[in-house]
Amino acid sequence: MADEEYDQDAEQEQEQGGDEQYDQAEEQVQDEPEQEPEQEPEPEPEPEPEPEPEQKQQAAPQETHNYAAPSGSDLTASKEDIKAYCDNLYSDSPSINWFTTLLKDEKLKIPDLLVDRTGKGGLPELVEYMKTQKSNIVFFLLRVNTYDDEQSSRAKFVYGRFVGTGVKFMQKAKLTPNLGKIADQFQVKHISKDMDEEMKNFDAINLSKDFLRIGGAHKPSRYDYGGGDVYSVQK
């Protein structure tokens, strides 16, 4: 009996001892601080690319033109010098009796003109040339010499605004606001005519009637249009 009691006491002590060890181990686990998760090292920033050196843009070369005198002309003035051609035509001894001009800028950003053709063959020569200009806008000046019975001579000038039937509508529309500035480049003109490539009624008879209508009291006896085209006034 005594042995059985001893064994039971021993077992109880062992159980108590085991419980105490378990409690201590549990306390140690609770006392141990939680370890923070290791943070991954931040990646090193990539080096910034070196800025490329700025390249200086070279200015585009300005367009230059050589507006020489029209071929076949005795004048050496530039095609841009409209006044020089007018002055020649207005002079007492002109080297030409007509000249034509074209628009320098077809888009009409500026109303400047360039001399296109000059001639010495008078009205017949001018008409034949203008019949070939269906696709163009042309401004021209024709000299007409008048004579009276006393053999005094005076010069008259016909200014022409020519728009070929092949010219586009938008270009015609842009032309209208610039007509005044263009006409101012021809300082002296007695008659202004609107024409196309048909050159209808642009002849010595009809032009002479226009001159006589505006001529006032002093009427010449004949009009010389050059190229052998002369109109004699009936008395």
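**Pockets and the buried face of helix H2**

In this predicted model, the largest pocket encloses about 250 Å³ of space. Its lining comprises 13 residues, and those closest to the pocket centre are Leu102, Leu103, Glu106, Asn136 and Ile137. Two elements, strand E1 (98-103) and strand E2 (113-119), give two or more residues each to this lining. The greatest contribution is that of E2, which supplies three residues. By class, six residues of the lining are nonpolar, three are polar and four are charged.

The second largest pocket holds about 160 Å³ of space. Here 13 residues form the lining, and Thr146, Lys156, Gly215, His218 and Pro220 lie nearest the centre. At least two lining residues come from each of strand E3 (137-147), strand E4 (153-163) and helix H6 (204-214). The lining of this second pocket divides into five nonpolar, five polar and three charged residues.

The strands that contribute to these linings also take part in covering a helix, H2. Within helix H2 (residues 82-90), the buried positions are Ile82, Tyr85, Cys86, Asn88 and Leu89. Viewed down the axis of H2, these buried residues fall within an arc of 160 degrees, and they therefore line one face of the helix. Such an arrangement accords with helical geometry: an α-helix has 3.6 residues a turn, so residues three or four places apart point the same way. The cover over the buried residues of H2 includes E1, E2, E3 and E4.

Technical notes. Residues numbered from 1 in each chain as written. Predicted model: local features only at pLDDT ≥ 70, side-chain atom pairs only at ≥ 80, totals over all residues. Heavy atoms only, no water. 1 Å grid on protein atoms, 1.4 Å probe; cavity = no way out; pocket = protein on both sides within 12 Å on 5 of 7 lines; lining within 4 Å. Points joined across faces, edges and corners; volume = space filled by probe spheres on them. Helix = DSSP H or I, 4+ residues; strand = E, 2+ residues; numbered from the N terminus. Nonpolar A, V, L, I, M, F, W, Y, C, P; charged D, E, K, R; others polar. Buried < 20%, exposed > 50% of the residue type's maximum accessible area, 1.4 Å probe, protein only. Arc of directions from axis to C-beta. Contact = heavy atoms within 4.5 Å.
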